[in-house]
Amino acid sequence: MELAAKVDDIGTSVTYQYASTIVSVFSGFLFYIYIVRVFSTEVVGVVALLSAIMILFGTVFSVGLNFGVQHFISYYIGQNNPSALRGVVKEISLLLVLVSIIAILFMWFSSPIFAYLFFHTYSYLYLIRVMGFAIVAYLGTGVMGGMVLGLQKFRANAFINISYTVILYSTIIILLQLRENPLMVVIGWIVGYSIGTALFSLRVLRGIRGEALVAERVPLGIIIGYSFPLFISSLLGVSAGYVDRFTVSFFLNLSEMGIYNFSLLIVSALGI
């Protein structure tokens with residue numbers, strides 16, 4: 001069977017992708033409404049800043065692989081080349097493991113700098129260090145989700161996005177019932193995004209199952225070379241969206257950061 005025969009219809013899948021976006025935005029909006037009621041404005045600011053760190057550095061360490069893997073998987077599907085398809089999945093998965101280790105080490109050793117510059121206290125040093133694992137989990141959803149999109153399984157991608165988003169925020173709320181500590185939020189991120197990565201990975205394995213048993217070696221340089229311009233564009237976009245949070249936290253305090261971020265969230269929810 002040709003690989004191209006297994007893809008989803010793009011037109012009907014757009015609705016699922018849009019529904020996924022709506023669930024993500026409004027879940028985040030409702031989540032912040034909840035933690036505003038649970039935490040002080042300072043802790044809300046801490047959570048908002050940690051979220052910004054996760055998204056920004058998740059983008060940095062992705063080096064655009066989510067774009068490259070999506071393109072090349074789609075390309076080899078069109079070429080009906082399952083061995084090269086397996087090769088892309090294998091090479092990017094191994095690179096993802098390496099990048100994840102680097103991300104954890106980076107956050108662990110650079111945490112005092114972040115604590116000094118943006119948190120103005122070392123009280124949250126342990127949270128910044130644990131964020132390395134949250135970044136890795138977030139990074140995994142991006143890259144593995146890109147593989148699912150490359151397989152052109154748009155509905156599966158949307159359903160998985162919705163599923164892990166619901167699990168993520170539900171986990172956080174349950175943990176906060178047990179202990180009102182911002183660490184519970186970070187743990188919830190790690191659990192939710194890890195489940196998302198696992199679900200995407202299972203869908204990728206299912207998508208390439210039954211194809212060529214041998215993975216053709218695909219040069220990583222070609223994938224990275226394609227990904228790099230898109231990575232720069234994505235990094236500039238994410239940086240532009242989150243530089244204000246780092247600026248506010250640098251010059252002001254965490255309480256004002258919490259108020260500022262909640263105001264932005266209201267605008268984002270209305271803008272969808």
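How high does the pLDDT of the protein chain average, and what share of the residues score at least 70? The average is 84, and 90% of the residues score at least 70. This is a predicted model, and pLDDT is the predictor's confidence in each residue.

**Confidence along the chain**

Confidence varies from element to element. Helix H5, residues 125–150, has the highest mean pLDDT among the elements, at 93. Helix H9, residues 254–271, has the lowest, at 71. Where pLDDT is low, the predicted coordinates should not be read in detail.

**The overall build**

The protein chain holds nine helices and zero strands. Read from the N terminus, its elements run α-α-α-α-α-α-α-α-α. The chain has 272 residues, and 49% of them count as buried. About 12,800 Å² of the chain is exposed. Carbon and sulfur atoms supply 68% of that area.

How do contacts span the sequence? Take the contacts between residues at least 6 apart in sequence: 83% of them join residues at least 24 apart.

**The nonpolar core**

The largest nonpolar core has 80 residues. Leu50, Ile73, Val88, Phe119, Met147 and Trp189 have the most contacts inside it. Look at Met147 as an example. Leaving aside neighbours within four places in sequence, Met147 is in contact with Val69, Ile73, Val89, Ile92, Ser93 and Val204. Ile73, one of these partners, is also on the list of residues with the most core contacts.

**Helix H7 and its cap**

Helix H7 covers residues 182–208, which is 27 residues. From its first C-alpha to its last it reaches 40 Å. That is close to the 39 Å expected at 1.5 Å a residue.

Which residue caps the N-terminal end of H7? Asn181 does. One of its side-chain oxygens lies 2.8 Å from the backbone nitrogen of Leu183.

Gly188 is found in H7. Is Gly188 buried or exposed? It counts as buried, because its relative accessibility is 0% and the cut-off for buried is under 20%. Beyond its neighbours within four places in sequence, Gly188 is in contact with Leu168, Thr171, Ile172 and Leu175. Ile174 is 14 residues away from Gly188 in sequence, and their C-alpha atoms are 9.1 Å apart.

**Gly145 in helix H5**

Another glycine, Gly145, has its place in helix H5. Gly145 is buried, with a relative accessible area of 4%. It touches Gly140, Asn157 and Phe200, not counting residues up to four places away in sequence. The C-alpha atoms of Gly145 and Asn161 are separated by 8.6 Å, with their positions 16 residues apart along the chain.

**Ser111 and Arg129**

Ser111 sits in helix H4, residues 82–119. At 0% relative accessibility, Ser111 counts as buried. Which side chain does Ser111 join through a polar contact? The partner is Arg129, at 3.1 Å. Outside its neighbours within four places, Ser111 is in contact with Leu125, Ile128 and Arg129.

**Residues in the loops**

Now turn to the loops. Val63 lies in the loop between helix H2 (41–62) and helix H3 (65–78). His120 lies in the loop between H4 and H5. Leu252 lies in the loop between helix H8 (220–251) and H9.

How accessible are these residues? The table lists the values.

| Residue | Relative accessible area | State |
|---|---|---|
| Val63 | 30% | partly exposed |
| His120 | 40% | partly exposed |
| Leu252 | 42% | partly exposed |

Why does Leu252 count as partly exposed? Its relative accessible area is 42%, so it falls between the cut-offs of 20% and 50%.

Backbone angles add another detail. Most residues other than glycine have a negative phi. Val63 has a positive phi, near 40 degrees, and is not a glycine. His120 also has a positive phi, about 60 degrees, although it is not a glycine.

His120 and Leu252 are 132 residues apart along the chain. In space, their C-alpha atoms are separated by 9.4 Å.

Notes:
Residues numbered from 1 in each chain as written. Heavy atoms only, no water. Core = buried A, V, L, I, M, F, W, Y, C linked by side-chain atoms within 4.5 Å. Buried < 20%, exposed > 50% of the residue type's maximum accessible area, 1.4 Å probe, protein only. Contact = heavy atoms within 4.5 Å. pLDDT = per-residue confidence, 0-100. Helix = DSSP H or I, 4+ residues; strand = E, 2+ residues; numbered from the N terminus. Areas by Shrake-Rupley, 256 points an atom, 1.4 Å probe, with all protein chains shown as cover. Expected span 1.5 Å × (residues − 1). Polar contact = N/O pair within 3.5 Å; in protein donor to acceptor, adjacent residues only side chain to side chain.
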